[in-house]
Amino acid sequence: MRGLGLHWPSVVGRARADAGPLLLAAAVVAAITLLAGAVPPMLYATADDAVRDGVRRSGGDIQVHSRMEPDDGPGGSRIRHPRLAGDVDDFRARATDELGPGLRAALRPPVATVTSPTLKITDGSVLRTFQLAYLSRDGGPDVTWIAGGPPRPAASETAEVPYGAPPWPVQVGLSEAASAALRLRPGARIPLADDQGNVKNVQVSGVFRPRDSADPAWRLLPSVLRPVPGADGAGSTRFAGLLSRDSLPDARLAFGQDELRRTVWFTPDASRLTWASVPVISAKVVALKAASGSSGARDGSLRWETRLDGVLRDVRSQVGAASVQASILLAAVLAAAVLVLLLAADLLVRRRAPALAAARQRGMSLPVLGGELLIESAAVTLMATAIGLGLSRAVAPGFSWEWVAPVVVAAAAAGPLFGLLAAARATRARRVPANRSARRWVHHTVRLRRAAAETGVLVAAAGAAVALYQRGIASGEVGSGGVLPASAPALGALAGALVLARALPAGTRLVLGRLLRSRRPLAVFGAARAAATSARVLPLLVLVTSVALASYALTLGATIGQGPADGPLASGLLRLVWASAVILPALGLLGLALGAAAGAPERWQTLTRLRTLGLRPREARWVAAGELLPPVVVAAVGGPLLGVLLARLTFGSIELRLLTGADPALALPWWRLGLVAVAFLAAVAVVVPVESALRRRRRISEVLRAGDG
């Protein structure tokens, strides 16, 4: 560092002398880093919860169907297939293998079912139906036989049944509830017939009780455990009998060859689902459905049916919408924070301007001076960033650099850049041209540069609005809506603030011109000071942008709150909305204080001179308030209107209906917007007395001799 010419005592001395502004900037960096670093990981965690909740609520079971192999025998007969249950197990294993490791890891163990057509119970009672069902999975589901026993084979293992033979006998087990409702005990025959009136020979082998009634396998066929009302139409009640591995071949012979329905069920395990796994699972499910066999195919090909891809697509859209909306809020907070950091850097440089000019006059080069300022700002910024990220890890599952970088860059670079510009301007040798046209050219050049910068902001705001309108949440990825679309409201607020900044000087000059013809000197003094300081753009940008974006956040929260915002995504977004609605006005009030502090020396020097002409302290405070009020009034009136306008222009592109369930009407929380406006107006009534109290101890002679306030 010695070779670079850095003077460490100067670095330490400047930091000690301006510890207040540096610590204030560090606090802003730490707070915004906490928010910007914690929100993306929390959004990812919320996305995981949303995927699990969506699958739990909407189901999404994967069903695999396949026709059974023909059982034709010689001489126009059908042959009993004793290994039919083994074929069902093979079918289940085959379907499991086709899932692939990614999808298989997200599913519960498969359950195979074989079900018969729905039969009518012909005992002359109320409308009741019956179904024969077989369930199979590795290790269950287990039952305990409390009467009788499990179904047994009705005949020899390889019996031949000619077509047109009497109904083939088959045994089933009944649950306790079904046995009590039907009043059937082991050995009884269940009076059953199909829709064509063909009688079925079904006998009760025993009565069972499930060892675990909460076993997920029973969910697939609830009528096996208890009567299910309304399953086959209003007023009907469905019962089911449980087939065993031994009686399943008999059930095949009791019905036509294609009447038994063989299905393997895969139920998503919500605890294993994450947002990161959604693309892989969705792609595999779509591929399986695309390769699914036809329902009329007789070659045993697998036919896949599921709504899981649709469920995941809906969740993906909801998460994408929440991501875009959260990105918009983060961009709004970051925009206000960057403007406040620029204003803090401007205040710091104003305080240091004499020392920086003196350092240049003593021969310090701009690179060395910039290096010293950069070391100071980098140390403060890194310390604040580390604190913010540490707090982020404490309150969220990790942290993200994506949204932290703009704040870190602004905090680290603004002070050195402003300091170098101030030092260079204080010691530059450029002379003012004597020629009037040359002076006019210089003036026009400055105006053109400002106009070019403002035009760039307006173009960026228009481009961001178009990008938000065109893209919306098309990508469906967390945070992937793009920086430009997410910045549309923030850039729109900044563009609106620039328009108001252009109008403010003309307005203050107009008011001053009218007051000059009045007999109210205090109003004239205040208007004169306001006209003199109205050209300062940065303080007005901070005020208008923060109020407009706070109004936007409040409108967003009120609009979302109209719908059933009780989902994990909607409630999380609302928390971010209200956090933004608090942080943005706080940043605006901080900007008001910083802007007032930056102009305080010149303001109170003028007021002190007026005191020598007879101006009383109370009247001086009124003049100071007159200087500070115009930009605050512009922000208090124009900010909420600008925020509501941005809400009207952008709400249609951020898919609020995906979180609220319907297209919500724009809700305008006027009383909250009014409260924000009143808070800024009231802040002036606090700033002026504080400034007056801080400068009360300064003697008039000292102020006039020192040349500052």
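This tour visits helix H11, then Ser327 and Ala180, in a predicted model.

Begin by selecting helix H11, residues 405–427. Its 23 residues should span 33 Å at 1.5 Å a residue, and the end C-alpha atoms are indeed 33 Å apart, so expectation and model agree.

Next, centre the view on Ala413, where H11 has a kink of about 30°. The proline Pro416 follows shortly after this kink.

Now colour the buried positions of H11. Val407, Val408, Ala410, Ala411, Ala412 and Ala414 belong to this set, as do Gly415, Pro416, Gly419 and Ala423. Pro416 is thus both the proline shortly after the kink and one of the buried residues of the helix.

Which helices do the buried residues of H11 pack against? Display helix H2 (19–58), H9 and helix H10 (366–395) to see these partners.

From there, move to H9 itself, which covers residues 308–361, and select Ser327 within it. Is Ser327 buried or exposed? Its relative accessibility is 8%, below the 20% limit, so Ser327 counts as buried. Show the side chain as sticks: it reaches the backbone oxygen of Ser323 at 2.8 Å. In an α-helix there are 3.6 residues a turn, so residues three or four places apart point the same way.

Finally, select Ala180 in helix H5, which comprises residues 176–182. With a relative accessible area of 59%, over the 50% limit, Ala180 is exposed. To end the tour, add Gly76 to the selection: Ala180 and Gly76 are 104 residues apart along the chain, and their C-alpha atoms are separated by 41 Å.

Key
Residues numbered from 1 in each chain as written. Predicted model: local features only at pLDDT ≥ 70, side-chain atom pairs only at ≥ 80, totals over all residues. Heavy atoms only, no water. Helix = DSSP H or I, 4+ residues; strand = E, 2+ residues; numbered from the N terminus. Buried < 20%, exposed > 50% of the residue type's maximum accessible area, 1.4 Å probe, protein only. Polar contact = N/O pair within 3.5 Å; in protein donor to acceptor, adjacent residues only side chain to side chain. Expected span 1.5 Å × (residues − 1). Bend = angle between axes of the 7 residues up to and from the residue. Contact = heavy atoms within 4.5 Å.
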